[in-house]
Amino acid sequence: MIYLARLRNELSVFMTDDGIGLFYSADDKKQPIKLKETIELVPGVIENGALVDPEVLYHLFRDWLKTHKFHLKKVRFVLNEENVLVRELRIEKQELQKTTLSEYLEAQKGKTLHFPFAEAVIHHQIIGEDENQIAVVAFITNASLLHDYLDVFERLGSRSVSYDLPSLALSRHYASSKKAISDNYMSVIVYDRHISIHIFEKDAPVFAMIEECDGLGPAAGQKIEDYVERIANYYRYNLRKGTTEVKKVVFFNLSKKHDDKSFKKALSSILTDFDVVYAETTDSEFVSVESEKLADVAQASAKKVETNQMQLEFELERLRRGKLVANYLLCLALIVFSLVSLVYIPYRLLREDLATQENANAALNEQLQTLLAAQDDDSDYTDEQREYNQIYDFLIASAVAPTSHIDDLIDLVDGSLEIKSYSIDTVNKQITLIIQGTSESELYTYLLEIYEAYGIVDGVPTADRWMTEEPSRRFMANFMLEVKVVYA
């Protein structure tokens, strides 16, 4: 039994829908103590990274802490990749004026920064700057999701919480090894049900995408290869305008279904045009056990972060427990006062107003029936009305719409993607689509597919290549995108 009660310590935690990876470390003058373990989760406690049943999670942690005689003080929380949006932003300095970058990003919520949750918290880090622009990587996550987990950690006695991402932790772990690493590379983390793809430039993630992908059979391997090649081309030609490219792809295996040997074998025949590396997450001091992969991520996050390496700092406004109880009591008093003094009287007045309005409606209905009975039934059309109808029919018959282009765009719609509406501007040769999906990656994938399928090659339009430029886009709501396509 290890007794850890009076030691300064930090607990790194990485949670998925299936389990919890834990890595504890404490400095002791006699002997440093480290503890690494994985706890399985029953279904329904965490779903898609969101905490559904906090009581079950709290009791799991409490029992684990009691078993090891461990008093929790510091937590390093490794967030699930699918709960954090990563955006590279180029901000004109003249737009900042007297505001800070944090104030500017807060003001852009719902304008240039869109996210599929009501309340967001943003951490940013500057990755470059010149006379006119500042290059920033913004990490956006759901504030409510963080509050749910912090409530559990605080109940357990945690006094401070820091944050990390699996991609950042594994990238730091890989960079600290003896293997050479290029200035820019692609990180591909393979889980049991999805993959996480990031492009790093000097330890800073400038592109991120999460996509569902079950298993590692031939179909899944081909799907991973397609995503990697497509994202590499998008990064090279769209994001960097041909100035740089990705040549190295680093794979991390976090799938419980495949050990490292079968993982390499399943992916060995793909991506022959890239320098492919299969990274290992475990350290030599621990036995490499496949069931410990979540704990491997927690252990990688626990490594010391160098000054030039990126780390997350989400700032949340948290109420102290005393103030929270006072707020609950105040709300309860307000509810009681409202029920006593503000419900019964308005109810009685509403009943009287309703009876008065019903009488008025009956009188108006009687007048309407009288007027309808007295109205002449004159359905004859004037010569001007007939001439207007003829002109309208002629214009409708003469209008030419690019229906074949619409059919092309509809043919590429699959999965949960849906075209809500479309319109055609024949004067400007422009088609406007309103599309809706279930994720941003699904929307961006559709944009890439239509441009790859119908974009004009070498500036010469054909029957199959009729799109003259990249589609423009604008978010109208969560997962709803307005797309404008210009045809030849």
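Mentor: Before we begin, one definition: two strands pair if DSSP finds at least two bridges between them. Helices (H or I, at least four residues) and strands (E, at least two) are DSSP runs, numbered from the N terminus.

Trainee: And what kind of model is this?

Mentor: This is a predicted model, in which local features need pLDDT of at least 70 and side-chain atom pairs count only at pLDDT 80 or more, while totals for chains, interfaces and linings use all residues. Residues are numbered from 1 along each chain as its sequence is written, and side-chain values use heavy atoms, with hydrogens and water left out.

Trainee: Let us start with strand 19. How many bridges does strand 17 make with strand 19?

Mentor: Strand 17 (residues 430-436) pairs with strand 19 in the antiparallel sense, over seven bridges. One residue pair to look for is I431, whose bridge partner in strand 19 is V485.

Trainee: What about strand 18 and strand 19?

Mentor: Strand 18 (residues 472-477) also pairs with strand 19 in the antiparallel sense, over five bridges. There, S472 stands opposite K484 of strand 19.

Trainee: How many residues lie between strand 18 and strand 19?

Mentor: Two residues lie between them, and the two strands form a hairpin. F479, in the turn, has a positive phi of about 60°, in a residue other than glycine.

Trainee: Is strand 19 mostly covered or mostly open?

Mentor: Strand 19 (residues 480-486) is mostly covered, as five of its seven residues are buried. Buried means under 20% relative accessible area, exposed means over 50%, and partly exposed lies in between, with a 1.4 Å probe and protein chains only.

Trainee: Where else is there a positive phi?

Mentor: N48 has a phi near 55°, and N48 is not a glycine either. N48 sits in the loop between strand 4 (46-47) and strand 5 (50-51).

Trainee: Why does N48 count as exposed?

Mentor: N48 counts as exposed because its relative accessibility is 52%.

Trainee: New topic: where is H114?

Mentor: H114 is in the loop between helix 3 (101-107) and strand 8 (120-129). H114 counts as buried because its relative accessibility is 17%.

Trainee: What does H114 touch?

Mentor: Leaving aside residues up to four places away in sequence, H114 touches L85, E440 and F475. Contact means heavy atoms within 4.5 Å. In addition, a polar atom of the H114 side chain lies 2.9 Å from the backbone oxygen of K111.

Trainee: How far apart are H114 and N478?

Mentor: They are 364 residues apart in sequence, and 7.0 Å apart in space from C-alpha to C-alpha.

Trainee: Strand 8 came up just now. Which sheet order includes strand 8?

Mentor: Three strands form an open sheet in the order 7-9-8, with antiparallel pairing. Strand 7 (84-92) and strand 8 are the edge strands, as each pairs on one side only. On average, neighbouring strands of this sheet are turned by 25° against each other, direction ignored. Such angles run from 0 to 180 degrees between N-to-C directions, and axes are lines fitted to C-alpha atoms, for helices over the stretch in contact.

Trainee: Which residue is the bridge partner of V86?

Mentor: F139 of strand 9 is the bridge partner of V86. Strand 7 and strand 9 (residues 133-142) pair over nine bridges.

Trainee: Now N184. Why is N184 called buried?

Mentor: N184 is buried because its relative accessible area is 14%. N184 belongs to strand 11 (residues 184-190).

Trainee: Which partners does the side chain of N184 reach?

Mentor: The N184 side chain makes a polar contact with the side chain of T244 at 3.4 Å, and reaches the backbone oxygen of E245 at 2.7 Å. A polar contact is a pair of N or O atoms within 3.5 Å; within protein, one must be able to donate a hydrogen and the other to accept it, and residues adjacent in sequence count only if both atoms are side-chain atoms.

Trainee: And which sheet order includes strand 11?

Mentor: An open sheet of five strands has the order 13-12-11-14-15, with mixed pairing. Its edge strands are strand 13 (204-212) and strand 15 (275-279).
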